[in-house]
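Me: Got a minute to go through this model with me? I'd like short answers.

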Amino acid sequence: MADSNDKREPEYMSSVIPGWFSEISPMWPGEAHSLKVEKILFQGKSDYQDVMVFQSSTYGKVLVLDGVIQLTERDECAYQEMITHLPLCSIPNPKKVLVIGGGDGGVLREVARHSSVEQIDICEIDKMVVDVSKQFFPDVAIGYEDPRVTLHIGDGVAFLKAVPEGTYDAVIVDSSDPIGPAQELFEKPFFAGVIGFMLCSTEGPSVDFKNPINSIDANNSCSKSKGPLKFYNSEIHTAAFCLPSFAKKVIDAKTK
């Protein structure tokens, strides 16, 4: 791991507003997301990307990869809970789950809430992300402490192609933005050729993702050490599939 006492000024610190971090991405031209920085806790460069952790004034500690915010202590629960429980609460008794990416451990924490799950594999390409998360985000990385979890350091695309088809009941892709080491996870060959697209059922009985059948609300006792759910419930599960009118119009136009 790189030296956490590195005193260099990160290139992602704002030159317009001193003491602020600004996320500027070619995916969002003409805008930036900025947070006031109280202290830089870690900055290093792995074999794949720049890694930084800073203490913000309003969002707690923040994990940044290649200048892009990956999680904040204040609101990570919304992302981790929804990306996990939307699929796992839609299928009966999931037993084997694969997480691709998700090196911070938050998705593992949420998968571990499901008592039916017997095996949790995670394939993360960047070990520095795992190590930094365990050091600075212990409430998120607590997922690694579950005995059902096995960590594989390597390329997620290659890992999934190497396992027999049908090995996992659910595959959750928790990657960073489509730049750098995660780019291949956003390309058509991965989704179309390996697991389908977004929330999908590739074989067996059809899955009604809109209506949960495997309730986590009443079955949260297996994970008391991880704290109560903060965001997900059955009502928000169903509501997640409601679309605003402009989005419906775009989808309708493409399906005609």
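What follows is a quick chat about strands, a helix, cores, a pocket and one loop residue.

Me: What kind of model is this?
Reply: A predicted one.

Me: OK. How do E4 and E5 pair, parallel or antiparallel?
Reply: Antiparallel, over four bridges. E4 covers residues 61–65, and E5 covers 68–72.

Me: Which residue in E5 does Val-62 stand opposite?
Reply: Thr-72.

Me: And how many residues lie between E4 and E5?
Reply: Two, in a hairpin. Asp-66 is in the turn and has a positive phi of about 50°.

Me: How many of the E5 residues are buried?
Reply: Four of the five, so E5 is mostly covered.

Me: Switching to H3. Which residues are buried there?
Reply: H3 runs over residues 127–136. Met-128, Val-129, Val-130, Val-132, Ser-133 and Phe-136 are buried.

Me: What do they pack against?
Reply: Strands E2, E3, E4, E7 and E8, plus helix H4.

Me: What caps the N-terminal end of H3?
Reply: Asp-126. One of its side-chain oxygens lies 3.1 Å from the backbone nitrogen of Met-128.

Me: Now the largest nonpolar core. Which residues touch the most other members?
Reply: Val-97, Leu-108, Val-111, Ile-120, Ile-122, Tyr-144 and Val-149, out of 16 residues in that core.

Me: Which elements give two or more residues to this core?
Reply: Strands E6, E7 and E9, and helix H2. H2 gives the most, with three residues.

Me: Is there another core apart from it, and which residues are in it?
Reply: There is another core of twelve residues, apart from the largest. Val-53, Leu-63, Phe-137 and Val-140 are among them.

Me: Back to Ile-122. What does it touch?
Reply: Beyond four places in sequence, its contacts include Leu-98, Val-99, Leu-108, Tyr-144, Val-149 and Leu-151. Gly-101, Gly-102 and Gly-103 are also among them.

Me: Pockets next. How much space lies in the second largest one?
Reply: About 260 Å³.

Me: Which lining residues lie nearest its centre?
Reply: Glu-76, Arg-109, Asp-139, Val-140 and Lys-230, from a lining of 18 residues. H1, H2 and H4 each give two or more residues to that lining.

Me: Last one. Where is Asp-146?
Reply: In the loop between H4 and E8.

Me: Why does Asp-146 count as buried?
Reply: Because its relative accessible area is 10%, and buried means under 20%.

Me: What is Asp-146 in contact with?
Reply: Ala-112 and Lys-226, leaving aside neighbours within four places in sequence.

Technical notes
Residues numbered from 1 in each chain as written. Predicted model: local features only at pLDDT ≥ 70, side-chain atom pairs only at ≥ 80, totals over all residues. Heavy atoms only, no water. Buried < 20%, exposed > 50% of the residue type's maximum accessible area, 1.4 Å probe, protein only. Pairing = 2+ DSSP bridges. Contact = heavy atoms within 4.5 Å. Polar contact = N/O pair within 3.5 Å; in protein donor to acceptor, adjacent residues only side chain to side chain. Core = buried A, V, L, I, M, F, W, Y, C linked by side-chain atoms within 4.5 Å. 1 Å grid on protein atoms, 1.4 Å probe; cavity = no way out; pocket = protein on both sides within 12 Å on 5 of 7 lines; lining within 4 Å. Points joined across faces, edges and corners; volume = space filled by probe spheres on them.
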